[in-house]
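Reader: Walk me through this one, please. I'll ask, you answer, and we can keep it informal.

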Amino acid sequence: MREDTRTRIQEVALRLFTEQGYEATSLREIAEELGVTKAALYYHFKTKDDIVASLVDLLVAETEELVEWVRSRPKTPETRLELLERYAENLARPRHLEITRFLERNQTALRAHPKLIKMREAMLALTAELSEPGADPVERISRSLALFALHAGKWMRPQDDLTEDEIAKASMEVARRLLEA
């Protein structure tokens, strides 16, 4: 029951933070939206920062798992491609995308948040694993951009001429090309 309550708090807070902005959303509003008292909310999260930390911890854990996985493999083109595919799978999870959108929309308010600094470090570690030590700057940047090409596709909305599946496939193709550059 406790985990269900934490998850509900995270979901409501994430929605309100994304819709209204992190700074414009209060714990009182989150509690009201949930239909609980502030005291009940405080039992699970003392501050908005605690809620953000719990959300970002999910992304950090996923990214650190990928870093560990890729470090256990040989640095081959096949490993790099599998890393891209695994990263794309993470991005495709609705919760991951919701958290990423929230972070993107609240960059200014959260730029110095310790958990986001940890997330940046995890992403830098992941991008570093895409290239051999001593790789030239063009290769390093191209391979790093491969990961971000997958992100870019997530910001596109399905349109009359493109479905989500087509956008995902196109994003992966662009990422593959950058990986091979």
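Reader: Let's start with a charged side chain: what is the relative accessible area of Arg15?

Author: The scale goes like this: buried is under 20% relative accessible area, exposed is over 50%, and partly exposed is in between (1.4 Å probe, protein chains only). Arg15 counts as partly exposed because its value falls in that middle band, at 32%.

Reader: Before we go on, what sort of model is this, and which pLDDT do side-chain atom pairs need?

Author: Residues are numbered from 1 along each chain as its sequence is written, and side-chain values use heavy atoms, with hydrogens and water left out. The model is predicted, so totals for chains, interfaces and linings use all residues, local features need pLDDT of at least 70, and side-chain atom pairs count only at pLDDT 80 or more.

Reader: Which residue forms a salt bridge with Arg15?

Author: In general, side chains of opposite charge can pair when their charged atoms come close. The cut-off for a salt bridge is a Lys or Arg side-chain nitrogen within 4 Å of an Asp or Glu carboxyl oxygen. For Arg15 the closest N and O atoms are 3.5 Å apart, and the partner is exposed, with a relative accessible area of 55%. That partner is Glu19.

Reader: Which helix holds both Arg15 and Glu19?

Author: Helices here are DSSP runs (H or I, at least four residues; strands are E, at least two), numbered from the N terminus. The two residues sit four apart, about one turn. Both are in helix 1.

Reader: What are the loops that the salt bridge between Lys75 and Glu129 links?

Author: The Lys75 and Glu129 side chains meet at 3.1 Å, N to O. They come from distant parts of the chain, 54 residues apart. Lys75 is partly exposed because its relative accessible area is 32%, while Glu129 counts as buried at 14%. The loops are the one between helix 4 and helix 5 for Lys75, and for Glu129 the one between helix 8 and helix 9.

Reader: Are Arg143 and Glu139 buried or exposed?

Author: Their side chains meet in a salt bridge of 3.1 Å, N to O, and both residues lie in helix 9, four apart. Arg143 has 9% relative accessibility and Glu139 has 18%. Those values are under the cut-off, so both count as buried.

Reader: What is the number of helices in the chain?

Author: The pattern along the sequence is α-α-α-α-α-α-α-α-α-α. With zero strands in the chain, the helix count is 10.

Reader: Which helix gives the largest share of the largest nonpolar core?

Author: A core here is a set of buried Ala, Val, Leu, Ile, Met, Phe, Trp, Tyr and Cys residues joined through side-chain atoms within 4.5 Å. This one has 45 residues, with Ile30 and Ile51 touching the most other members. Several helices give two or more residues, including helix 2 (27-34) and helix 10 (164-180). The largest share, 10 residues, comes from helix 4.

Reader: What is the angle between the planes of Phe17 and Tyr22?

Author: Rings of Phe, Tyr and Trp (its six-membered ring) pair if their centres lie within 6.5 Å; planes under 30 degrees apart are stacked, over 60 edge-to-face, and the rest tilted. The whole structure has two aromatic pairs. Phe17 and Tyr22 make an edge-to-face pair, 5.1 Å centre to centre, with the planes at 65°.

Reader: Which residue lies over the face of Tyr22?

Author: Tyr22 is buried, at 8% relative accessible area, and ring pairs link it into a cluster with Phe17 and Phe102. A charge counts as over a ring if NZ of Lys or CZ of Arg is within 6 Å of the ring centre and within 35 degrees of the ring normal. The residue that fits, at 4.5 Å from the ring centre, is Lys48.

Reader: What is the accessible area of the nonpolar patch with Leu145?

Author: Patch residues have over 30% relative accessible area and no salt bridge; like charges are joined within 9 Å, nonpolar side chains (Val, Leu, Ile, Met, Phe, Trp, Tyr) within 5 Å. Areas are Shrake-Rupley values with a 1.4 Å probe, and only the protein chains shown count as cover. Leu145, in helix 9, is partly exposed at 42%. Together with Ile141 and Phe148, the patch has about 280 Å².
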